[in-house]
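Here's a quick tour of one strand and the packing around it. Have a look at the model first, then read on.

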Amino acid sequence: MKIAIGNDHAGTEYKLAIVGLLKSLQIEVINYGTDGSDSVDYPDFVHPVAEDVENGRVDKGIIICGSGNGASMTANKHQKIRCALCWTKEIVELARSHNDANVLSLPARFISLPQALEMVKTFLNTDFEGGRHERRTEKIPCQ
């Protein structure tokens, strides 16, 4: 499995921990995020993640900013992206199983680091159920 990850300054600590988790699981990581705390613009780090997912260069994406909103809005501008802004592992599970989310957006300022790591594990380990949910996701425009 290959994951692209991107973050702004608010998500650096979380990104570093998530990258460590992913590498411990033998998952290849492409890091588009900043590794510092200086203020940066999240779209500069989210667009490359979304482009990699959209073009099939990676299996999934993870993006992190302060609220998760800006990152999610940016990712969802891309065709073939179903980015879910999540704040509990239960929401992550539903985003994957019902909506086939292929990008996870995390709100670093509103969840704890242990929560974020559990959410990433859930994102990686939950399959799309298909069935009635597939009919619905097919109605989301993709070009």
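Strand E3 is largely enclosed by the rest of the structure, because 6 of its 6 residues are buried. Buried here means under 20% relative accessible area, with exposed being over 50% and partly exposed in between (1.4 Å probe, protein chains only). Helices (H or I, at least four residues) and strands (E, at least two) are DSSP runs, numbered from the N terminus.

This is a predicted model, so local features need pLDDT of at least 70 and side-chain atom pairs count only at pLDDT 80 or more, while totals for chains, interfaces and linings use all residues. Residues are numbered from 1 along each chain as its sequence is written, and side-chain values use heavy atoms, leaving out hydrogens and water.

Which way do the residues of E3 point? Lys60, Ile62 and Ile64 go one way, and Gly61, Ile63 and Cys65 go the other.

E3 has these pairings (two strands pair if DSSP finds at least two bridges between them):

| Pair | Sense | Bridges |
|---|---|---|
| E1 and E3 | parallel | 5 bridges |
| E3 and E5 | parallel | 5 bridges |

On the E1 side, Ile3 has Lys60 as its bridge partner; in E5, Val103 stands opposite Gly61.

Now the packing. The largest nonpolar core (buried Ala, Val, Leu, Ile, Met, Phe, Trp, Tyr and Cys residues joined through side-chain atoms within 4.5 Å) has 25 residues, and Ile62 and Ile64 are among those with the most contacts inside it. Helix H1 (12–24) and helix H5 (113–125) are among the elements that each supply at least two residues of this core. Ile62 touches residues including Ile18, Leu106 and Phe123, not counting residues up to four places away in sequence; contact means heavy atoms within 4.5 Å.
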